[in-house]
Amino acid sequence: MYKYICFLLIYLCLTANNESVAQDPLPSFGAPLDIPLYLSGNFAELRRNHFHTGIDFKTQGVEGHKILAAEDGFVSRISVSPYGYGLALYIQHPNGYTTVYGHLLSFSENIADVVRKKQYEEKSFSVNFNPDPPIQVARGEVVALSGNTGSSGGPHLHFEIRDTKTEKPQNPLLFGFDVKDNIPPRIRGVRFHPLADTTLINGKHEARSFVVLGNAGKYHLKAGIKINVYGAFGLSLHTRDYLNDQPNHCGIYTLALNVNDALICAQRFDELDFATSRNINSYKDYEVFKNNQWHYHKSYVEPGNKLEIYHPKPLNNGIISIPGAGVHQVDYTVTDAYGNESRLSFEFETPANPGVPLPSPRPYDAYFGYGKNNHFEYSDELEISIPENALYQDLRFEFSRQMRTQDTYSPVYILQNEDVPLQEFIEIKFFWKDVAKSIRDKILVQRSDIKGRTSYLTGSYTPEYFIVKARDFGKFTLVADTTVPSLTAGRWSTGGTVTNASDLQFTMRDDRSGIKAYNAYLNGEWVLLKYEPKKSMVFLNVGESNFQKGNNSLVIKIEDGVGNETVQTFEYNY
Ligand SMILES: [Zn+2]
């Protein structure tokens with residue numbers, strides 16, 4: 001009878017969410033590189049604050065490999081930034097898709113000319129524009145060289161396929177690239193999460209992970225492990241995929257959880273959405289990802305999680321709640337984009353009664369509803385506003401305060417729920433009546449995490465408050481940045497004779513507020529500096545700049561986040 005009800009539920013569920021409409025076969029693309037294709041990252045891999053929206057092709061550890069247009073089309077967008085995708089190219093194809101190539105070293109000559117013109121027009125290294133007229137390219141044409149620009153940790157090509165109309169990134173591995181993979185995903189652990197105030201997992205009200213053993217697609221728990229759950233809970237699975245011949249771990253394609261043969265939750269990564277990518281912080285186990293780099297995929301959906309990856313939509317959001325005593329069967333199935341599959345099966349027990357006294361909730365300072373605007377005030381010192389949908393679920397907020405130190409301009413405020421992720425920015429207002437007016441324009445906020453790592457937030461101010469927006473909890477305090485940024489010329493850049501081949505190099509650094517602006521003027525005219533924050537360096541290529549015969553004067557101005565400025569002049573003979 002029980003099995004029959006489960007079957008009926010699955011049937012109703014599938015018919016209610018009938019998404020398996022027949023689709024046209026996906027078009028095929030040419031390889032964007034002319035070397036063997038190996039991946040160091042794939043689609044939907046779990047990253048910090050986002051899912052990986054493309055695939056990362058290895059480039060043999062070096063920069064400068066030819067990047068080929070994957071299909072006929074035109075360059076619809078070009079972006080240059082010291083961060084993110086670095087130098088990036090977007091090619092729109094007649095087949096309805098746009099391919100994206102990121103972290104490039106350089107563009108092909110005709111594209112580079114257009115970019116340079118734009119940079120001089122906007123007097124900015126960073127540009128992001130749609131070339132007009134569009135630049136036509138043919139399948140296989142060299143459009144760029146591979147690099148390591150932007151937020152890239154080593155030479156590689158970041159490659160995406162987006163639906164041109166929706167701009168949603170698609171899983172490129174479904175488009176048939178010649179990447180070898182006959183290794184099924186590996187499963188490393190299963191985690192039980194209490195989802196009610198009185199849930200007990202092996203007698204305790206806290207999340208608990210169990211080690212998973214096995215290989216070649218067959219996984220099990222350690223022999224003799226007993227799992228006993230009282231009350232509502234959710235499950236998550238620590239799993240990653242691996243490809244042939246390479247040590248890198250990648251993301252999975254599908255995950256399905258069944259309990260007693262009833263489907264609880266199933267997700268599939270065909271497509272992502274930049275608008276909801278940060279919801280990853282609700283999707284993964286945020287705390288163990290941050291602290292241990294474990295990739296736990298949750299098989300339950302928190303109220304603030306808007307990801308459209310669940311097919312069908314899980315009944316009861318994947319929350320498992322089984323009344324009465326019994327033994328229950330869990331079956332997990334995980335696959336990669338090439339159809340390799342791994343399974344984990346085990347049992348857990350539900351007792352008729354808890355057996356130990358039910359836990360009482362930890363003390364807290366405020367209760368914040370996820371779908372509400374929340375507000376918290378401490379004396380006449382601090383105000384915190386947490387907007388609607390900034391949280392993924394309700395929060396028992398914990399707050400404390402420490403005395404100010406010699407280096408700070410306010411007490412230290414501890415917004416204790418550092419392992420709780422935020423979807424939207426929260427606003428923190430410091431009443432700064434005790435901060436001398438003379439120092440106020442140099443004030444910023446220092447945030448420290450549990451491990452003592454600091455970051456800085458610049459803000460805005462009124463006569464009463466200093467205001468910052470933060471997207472992480474932690475420890476916050478007011479500090480000042482009164483030090484000007486430093487600028488140092490590299491060995492060959494201090495002055496003297498230069499030629500077209502010279503690449504002038506300068507190191508620029510700033511503690512606390514960080515570099516906000518960098519501009520150079522050659523004989524009074526703005527000149528392009530390339531910024532590489534990973535090396536704290538800017539570069540000026542003499543051959544590409546308008547040097548005059550004889551003496552040239554180069555003025556470099558840099559500014560930090562609170563307006564401290566450094567200006568230096570260099571003289572060169574050309
Ligand atoms: Zn990438």
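This briefing walks through the overall build of the chain and then its aromatic rings. The model is a predicted one, so please read every value below as computed from predicted coordinates. The chain holds four helices and 45 strands, and its rings give 33 aromatic pairs. Two of those pairs get a closer look here, along with a cluster and two charges over rings.

**Overall build**

- With four helices and 45 strands in the chain, a natural next topic is its overall dimensions.
- The radius of gyration is 28 Å, close to the 25 Å that the globule rule gives for 574 residues, so the chain is as compact as a globular protein of that length.
- Along the principal axes, the C-alpha atoms fill a box of roughly 95 × 65 × 40 Å.

**Burial, contacts and surface**

- Of the 574 residues in the chain, 49% are buried.
- Among contacts with a separation of 6 or more, 69% come from residues 24 or more positions apart.
- The exposed area of the chain is about 27,200 Å², and carbon and sulfur atoms supply 50% of that area.

**Two tilted aromatic pairs**

- The count of aromatic pairs comes to 33.
- One of them joins Phe-29 and Phe-175, with 5.8 Å from centre to centre and 55° between the planes, a tilted arrangement.
- This pair links distant parts of the chain: Phe-29 belongs to the loop between α1 (2-16) and β1 (39-41), while Phe-175 belongs to the loop between β12 (169-170) and β13 (186-194), 146 residues apart.
- Both Phe-29 and Phe-175 are buried.
- Phe-376 and Phe-399 also form a pair, with ring centres 4.9 Å apart; their planes meet at 50°, which falls between the 30 and 60 degree cut-offs, so the pair counts as tilted.
- Here the link runs between two strands, with Phe-376 in β26 (residues 374-378) and Phe-399 in β29 (residues 399-402), 23 residues apart.
- Phe-376 is buried, and Phe-399 is buried too.

**An aromatic cluster**

- Phe-376 and Phe-399 reappear in one aromatic cluster, which also takes in Phe-368, Tyr-378, Phe-397, Tyr-413, Phe-430 and Phe-473.

**Charges over rings**

- Arg-77 lies over the face of Tyr-90, at 4.3 Å from the ring centre.
- Lys-429 places its charged end over the ring of Tyr-465, 4.2 Å from the centre of that ring.

Terms used:
Residues are numbered from 1 along each chain as its sequence is written. This is a predicted model: local features need pLDDT of at least 70, side-chain atom pairs count only at pLDDT 80 or more; totals for chains, interfaces and linings use all residues. Side-chain values use heavy atoms; hydrogens and water are left out. Rings of Phe, Tyr and Trp (its six-membered ring) pair if their centres lie within 6.5 Å; planes under 30 degrees apart count as stacked, over 60 as edge-to-face and the rest as tilted. Buried means under 20% relative accessible area, exposed over 50%, partly exposed in between (1.4 Å probe, protein chains only). A charge sits over a ring if NZ of Lys or CZ of Arg is within 6 Å of the ring centre and within 35 degrees of the ring normal. The radius of gyration is taken over C-alpha atoms; the globule rule is 2.2 Å times the number of residues to the power 0.38. Contact means heavy atoms within 4.5 Å. Accessible areas come from the Shrake-Rupley method with a 1.4 Å probe; for residues, only the protein chains shown count as cover.
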